[in-house]
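Me: I have a chain on screen and want to understand how it is put together. Can we go through it by question and answer?

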Amino acid sequence: ERSRSSVTLDKVISMSGSTIVEGNPWVQRCIMRPSSKYRWAWELSGLAIMGYQVYWIPFTVFDPPQFLLFALMQWTALAYWSLDVLMTFLTGYTRKDGVTEMRPWFIAQRYFKTWFLCDILFVSLDWLSELSLNTNGFSTMKVMMRIGRFLRLLRVIKVCRMSESSLQRVQSIELLTMLKMAGSTVLIHAMSHWMACGWYAVGASLNLNEMTWLSSSSVAEIKTEERTLAYKYWTSMHWSLSQLGVGAVEIMPVNAVERMYAVIMLILSLLTSSFFVSRVTALMVDLQSVKAEQSERDRKLREYLNDNNVSLHLKSRIWKYLQDLNRSGKRMVLRDTVVQIRHLPKEMLTSLNAEVYFPLLKVHPFFSALLTESGYEVVRRDLVNTALEEMSLDIEKELFDVGEPATKMFFVTHGSLRYRHEHFDSLFSAPNGGDPVDSGDWLSEIALWLQTTHFGLALATTPCQLLALQADAFRDLLKRRTLARNYAKRFFDYLKNNTDEMSDLFVLSLDHSIEVDNAAEAE
């Protein structure tokens, strides 16, 4: 059984310099990475609290009764935003060059230049508002604090950035598109909620001697005891939704202030509804484009089969095979197909390659030693940047055949293959014939140490993704390295005494594998 290395990835990629940390380990333990799960949980909590405040703060114009739950939510929000100032000092950030800054002093400098003053102002308003609204008298102060409470909602700009970072964690394109559509729907509802609260505030705040929509005939007909909080709110919401053009309502502005507010809301509704429609349309197009490529391939295949009068029986076999191929699993995206990766700086690209490829390589004993040995930092960097390539295979596609030059070693990252040695008559001589090669296994290691040909046939039994190591590039990198020379010598000596084991699946016995010296190789 092939050994698994216990080397941690953090130790392996420490040579990339992608993170700048504090020299004092006790101080560094208090600093969170911006992508850590704890920071993500904190940001999700902030999104929930901000959502509550976006709805609750304008709703206070209706003077709702005070319940214990509302009071607890207010104090929870107050505690969260107060602690968020401290949490920002304890969270690293990613610089423009892609390096993660984890030094406390640099984190503080950046915070002072960005959101610190705004956060302190908003937290101060939070505390003053909560204390002043719970005391008697000072009505002017209470009015000012209510205005300050609305100003605190400018935090929504900061929270929008938090939501963007949270969405980056979503892996499914379909789920991401649906979440964006849900976000657009919530935005429209929140705007309608604010319009409704503003409409009621305009009618309730005017002089009692002046006619308002609340005292108009359509509302005045309702008995006073029936004008409950729910009636007031939903009547205002009904008027608000009618401004979006989705219905009619009998409530009309009856004075100049209400008329002016209605005109402003109509203009805002026109812009918002246009944005909402275009946004949802764009998201639906994105959702359709996910499957557009597959639909186009199906269309071309259908036309080809029809134009060439292919028999119905063969058509059914072809479509059945392709359907099974699509259901067998989602293919991973290969790096070379991602255009954005080509624009990354060299240091960041090296870090990306190391984080993706090192866990795949370290399943092999030699590479497990290579990835941990000091003095091989340059070799590791050049290895992931120049000697490795990703590839994929469909079902029943050949990876290599008997007699072909062996120029690469293959690591199976996803899927399964079957390998049949040339001494056997046929790969299909028996059901499921051949040796299985699954995810985490490797093939053709012998190509790294000897110039030879393949000894058998390797065929994919499921859609496969593989990591191919170029033998020539590998030998150029390690030809003068003691680690590789010792391993190659033991590999060759063992192979010379066990010629009957010559195979693309040949693995050097652990009893004969190299003992890695802990000291770094002298250059």
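**Strands, helices and cores**

Me: Which residue of E11 is the bridge partner of Glu 390?
Reply: This is a predicted model. E4 pairs with strand E11, residues 464–470, in the antiparallel sense over six bridges. Within E11, Glu 390 has as its bridge partner Leu 467.

Me: In what order do the four strands of that open sheet run, and which stand at the edges?
Reply: The pairing in this open sheet is antiparallel, and the order is E4-E11-E6-E9. Strand E4 (388–393) and strand E9 (442–443) each have a single partner strand, so one side of each is left without a neighbour in the sheet. The edge strands are therefore E4 and E9.

Me: Helix H17 packs on the sheet; which strands does it touch, and what angle does its direction make with that of E4?
Reply: H17 covers residues 377–387. Its contacts on the sheet are with E4 and E11. Its direction and that of E4 make an angle of about 40°.

Me: And what angle does helix H19 make with E11?
Reply: H19 spans residues 471–478 and also packs on the sheet. It touches E11 and strand E6 (408–414). The angle between the directions of H19 and E11 is about 45°.

Me: How are H15 and H17 oriented to each other: roughly parallel or roughly perpendicular?
Reply: Helix H15, residues 346–361, packs against H17 with the axes 9 Å apart. The angle is about 90°. That falls within 65 to 115 degrees, so H15 and H17 are roughly perpendicular.

Me: Which residues of H17 make the contact with H15?
Reply: From H15, the contact includes Leu 349, Tyr 357, Phe 358 and Leu 361. The H17 side consists of Arg 380, Arg 381, Leu 383, Val 384 and Asn 385.

Me: Which helix gives the largest share of the largest nonpolar core?
Reply: That core has 48 residues. Among those with the most contacts inside it are Leu 361, Phe 367, Leu 469 and Phe 474. Six of its residues come from one helix, the largest share: H20, residues 482–496.

Me: What does Leu 469 touch beyond four places in sequence?
Reply: Its contacts include Leu 383, Ala 387 and Leu 388. They also include Thr 407, Lys 408, Met 409 and Leu 448. The two remaining names are Phe 367 and Phe 474.

Me: How many residues are in the second, separate core?
Reply: Tyr 52, Trp 199, Met 237 and Met 265 are included in this core. Its size is 22 residues.

Me: Is Ser 192 buried or exposed?
Reply: Ser 192 is found in helix H9, residues 173–205. Leaving aside neighbours within four places in sequence, Ser 192 is in contact with Met 237, Ser 240, Leu 241 and Leu 244. Its relative accessible area is 1%. Buried means under 20%, so Ser 192 is buried.

Me: In the open sheet with the order E5-E10-E7-E8, which residue of E8 stands opposite Leu 417?
Reply: The edge strands here are E5 (398–400) and E8 (435–437), each pairing on one side only. Strand E7, residues 417–421, runs antiparallel to E8, and three bridges join them. Opposite Leu 417 in E8 stands Val 437.

Me: What share of the 523 residues counts as buried?
Reply: The chain has 20 helices and 11 strands. It exposes about 30,500 Å², with carbon and sulfur atoms supplying 60% of that area. The share of residues that count as buried is 37%.

Key
Residues are numbered from 1 along each chain as its sequence is written. This is a predicted model: local features need pLDDT of at least 70, side-chain atom pairs count only at pLDDT 80 or more; totals for chains, interfaces and linings use all residues. Side-chain values use heavy atoms; hydrogens and water are left out. Two strands pair if DSSP finds at least two bridges between them. Helices (H or I, at least four residues) and strands (E, at least two) are DSSP runs, numbered from the N terminus. Contact means heavy atoms within 4.5 Å. Axes are lines fitted to C-alpha atoms, for helices over the stretch in contact, and angles run from 0 to 180 degrees between N-to-C directions. A nonpolar core is a set of buried Ala, Val, Leu, Ile, Met, Phe, Trp, Tyr and Cys residues joined through side-chain atoms within 4.5 Å. Buried means under 20% relative accessible area, exposed over 50%, partly exposed in between (1.4 Å probe, protein chains only). Accessible areas come from the Shrake-Rupley method with a 1.4 Å probe; for residues, only the protein chains shown count as cover. Angles under 35 degrees count as roughly parallel, over 145 as roughly antiparallel, 65 to 115 as roughly perpendicular and the rest as oblique.
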